[in-house]
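Subject: The model you asked about

Hi,

Here is the structure, ready to open in your viewer. Have a look first, then read my notes below.

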Amino acid sequence: MAFLPELKTYSRFTITDPAGRIVAVVGQQYDPVPIGPLHWPVVAPGYKVRQSTPAEAALYGKAKYRDPNLAGGFTRETRYQAIPLRYKSLPGLSAELISDHYTLYKGYIDRINHLQDEYEDAVEDGEKWRAQRISQSLGFLRNAVVLHELYFAGLTQGGAGDIGSVIPADKQAAWKKEFELLGAGSTGWVILAWDPRTKTLFNYTMKEHGEGGVVRACPLLVMDVYEHAYMPQYQLDKQAYINAFMRNIDWDVVRNRLRRIKKTSQ
Ligand SMILES: [Fe+2]
């Protein structure tokens, strides 16, 4: 066994097996700190390490380091996958707005999958600070992914279902006023949630994906009020966007989420 040679650049390294086949592309990308002995993978006899070519470097994050003795080529693990959209546009929400928003969401999916590989490498290497920092980023990204999925899946053409299946008739006007008010005043997310502790519904906001989450709150209806969610179409008229959102809520989806949560949180 031998260690990687000392390479004093913040780069990617390509590992080849005795037959010259590439078995892994490794390196540091997330955290550009000098590479020291603790970061060097052990390489079996006959395997070689060299600086990656640009084409090989592009494979970083798509290939997970494997024990070269077990090398059979690249493997790409299946991780997060984007949910399909049920619509291309919605009344008041243009195809372009939704398409760009969905593309942004898929970017989060790609990023989380990439970082998950880096996180596992950091844990394997015992790099506590790096693992902690990536873990924080992963939490942020997981929220971004889940919140966007709840948002997209909670809407349908012109709305569906009955709000009364979730919110009692005498509470609907007050709920709507509060939810829209929070939307107007927030910069990230507005969420109608179920609190399994008090067994009640409540609204809360998240300033961004990683800030304002409520432990054990079960999101039922999620409204994105980031600027990217409305400004391309509505510029500063945020209320017009909120009105469009409210018109397209799929209350059947919201009701089913509530039913499932009530069943599992007893
Ligand atoms: Fe968004």
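Before anything else, a term: a nonpolar core is a set of buried Ala, Val, Leu, Ile, Met, Phe, Trp, Tyr and Cys residues joined through C-beta atoms within 7 Å. Buried means that 20 or more other C-beta atoms lie within 10 Å of a residue's own; exposed means 12 or fewer, partly exposed is in between, and the C-beta atoms are placed from the backbone.

Two housekeeping points. Residues are numbered from 1 along each chain as its sequence is written. This is a predicted model, where local features need pLDDT of at least 70 and side-chain atom pairs count only at pLDDT 80 or more, while totals for chains, interfaces and linings use all residues.

**The core**

The largest nonpolar core has 41 residues, and those touching the most other members are Trp189, Ile191, Leu220, Val222, Met223 and Val254. At least two residues each come from α2 (95–124), α3, β6 (189–195), β8, α6 and α7 (251–264). Helices (H or I, at least four residues) and strands (E, at least two) are DSSP runs, numbered from the N terminus. The top contributor is α3, with eight residues. Domain 2 (95–153) and domain 3 (163–264) each put in at least three residues; those bounds come from an automatic or database domain assignment.

Met223 is a good place to zoom in: leaving aside neighbours within four places in sequence, Met223 is in contact with Tyr151, Gly183, Trp189, Val190 and Phe245. Contact here means C-beta atoms, placed from the backbone, within 7 Å.

**The sheet**

Next, an open sheet of three strands, in the order β7-β6-β8 with antiparallel pairing. The edge strands β7 and β8 each pair on one side only. Two strands count as paired if DSSP finds at least two bridges between them. β6 is joined to β7 by seven bridges and to β8 by six. To find the register, look for Leu192 opposite Asn203 in β7, and Ile191 opposite Val222 in β8.

**Odd backbone spots**

Most residues other than glycine have a negative phi. Which residue takes a positive phi in the hairpin of β6 and β7? That is Lys199, near 55 degrees, and the hairpin has four residues between the strands. Arg216, also not a glycine, has a positive phi of about 70 degrees and sits in the loop between β7 (200–206) and β8 (218–224). Arg216 is exposed, because there are just 10 other C-beta atoms within 10 Å. Gln235 has a positive phi of about 50 degrees, in the loop between α5 (231–234) and α6 (238–247). With 11 C-beta neighbours inside 10 Å, Gln235 is exposed too.

**A loop contact**

Gly159 lies in the loop between α3 (128–153) and α4 (172–185). Not counting residues up to four places away in sequence, Gly159 touches Arg247, Asn248, Ile249 and Asp250. Gly159 and Met246 are 87 residues apart in sequence, yet 8.1 Å apart in space, C-alpha to C-alpha. Gly159 counts as partly exposed because it has 17 other C-beta atoms within 10 Å.

**Confidence**

The chain's mean pLDDT is 82, and 80% of its residues reach 70 or more; pLDDT is the predictor's confidence in each residue, from 0 to 100. Over residues 28–42 the pLDDT is below 50, and this stretch has 22 contacts beyond near neighbours in sequence. Residues 64–78 are also below 50, with 24 such contacts in the model.

Cheers

Key
Two residues are in contact if their C-beta atoms, placed from the backbone, lie within 7 Å.
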